[in-house]
Amino acid sequence: MLSTFVAADVYRVMLGAGRLDALSQTLQAYALPAEGSLRQLRRDDGSGVWVVTVLIDGETLERISLLQALSLMQIDNISARLRAVPTLPGGGAPPPASQPAA
């Protein structure tokens, strides 16, 4: 598990909580718009966890993780992915993938 996040980076994170109100309160407290709807995942033992996916900056993500009120279930650093995209000399984007002949 990551313990430090880059403050200026943007992350796509799946947040989870055993109680819907805890998840909803966090979304409201940090003004986080959900990507899609809140949904409940069922475990094999019959218990469930409420989850939602959000885009969030690293500083806010660090604050939420320190509270330890929610589970950080999936973390994708969108900014790091964008930085890793190769570019051509001169700042141009890579050429588009070639289409197969018909």
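Q: In this predicted model, which residues of the largest nonpolar core touch the most other members?
A: A nonpolar core is a set of buried nonpolar residues joined through their side chains. In this predicted model, the largest such core has 16 residues, and those that touch the most other members are Val 13, Leu 15, Val 54, Ile 56 and Leu 61.

Q: Which elements give two or more residues to this core?
A: Those elements are S1, H1, S3 and H2, and S1 gives the most, with four residues.

Q: With which residues is Val 13 in contact, if its neighbours within four places in sequence are left aside?
A: With those neighbours set aside, Val 13 is in contact with Val 52, Thr 53, Val 54, Ile 56, Leu 61, Leu 72, Gln 74 and Ile 75.

Q: In what order do the strands of the sheet lie?
A: Strands of a sheet pair through backbone hydrogen bonds, either parallel or antiparallel. Here four strands form an open sheet, in which the order is S2-S3-S1-S4 and the pairing is antiparallel. Strand S2 (34-42) and strand S4 (71-77) are the edge strands, each of which pairs on one side only. On average, and with direction ignored, neighbouring strands of this sheet are turned by 20° against each other.

Q: How many bridges join S1 to S4, and which residue in S4 is the bridge partner of Leu 15?
A: Strand S1 (residues 10-17) and S4 run antiparallel and are joined by six bridges; Leu 15 has Leu 72 in S4 as its bridge partner.

Q: Where do the helices lie with respect to the strands?
A: Helix H1 (residues 20-29) packs on the sheet, where it touches S1, S2 and strand S3 (48-57), and the direction of H1 makes about 10° with that of S3. Helix H2 (residues 58-67), for its part, lies across S1, S3 and S4 and runs at about 150° to S3.

Q: Which residues of H1 are buried, and which on the other side are exposed?
A: A residue is called buried when its relative accessible area is under 20%, and exposed when that area is over 50%. In H1 the buried residues are Ala 22, Leu 23, Thr 26 and Leu 27. Seen down the axis of H1, these buried residues fall within an arc of 135°, and therefore they line one face of the helix. On the other side of H1, Gln 28 and Ala 29 are exposed.

Q: What covers the buried residues of H1?
A: The cover over these buried residues includes S1, S2, S3 and H2.

Q: Which residue just after H1 takes a positive phi?
A: That residue is Ala 31, whose phi is about 50°.

Conventions. Residues are numbered from 1 along each chain as its sequence is written. This is a predicted model: local features need pLDDT of at least 70, side-chain atom pairs count only at pLDDT 80 or more; totals for chains, interfaces and linings use all residues. Side-chain values use heavy atoms; hydrogens and water are left out. Two strands pair if DSSP finds at least two bridges between them. Axes are lines fitted to C-alpha atoms, for helices over the stretch in contact, and angles run from 0 to 180 degrees between N-to-C directions. Contact means heavy atoms within 4.5 Å. Buried means under 20% relative accessible area, exposed over 50%, partly exposed in between (1.4 Å probe, protein chains only). The arc is that of the directions from the helix axis to the C-beta atoms. A nonpolar core is a set of buried Ala, Val, Leu, Ile, Met, Phe, Trp, Tyr and Cys residues joined through side-chain atoms within 4.5 Å.
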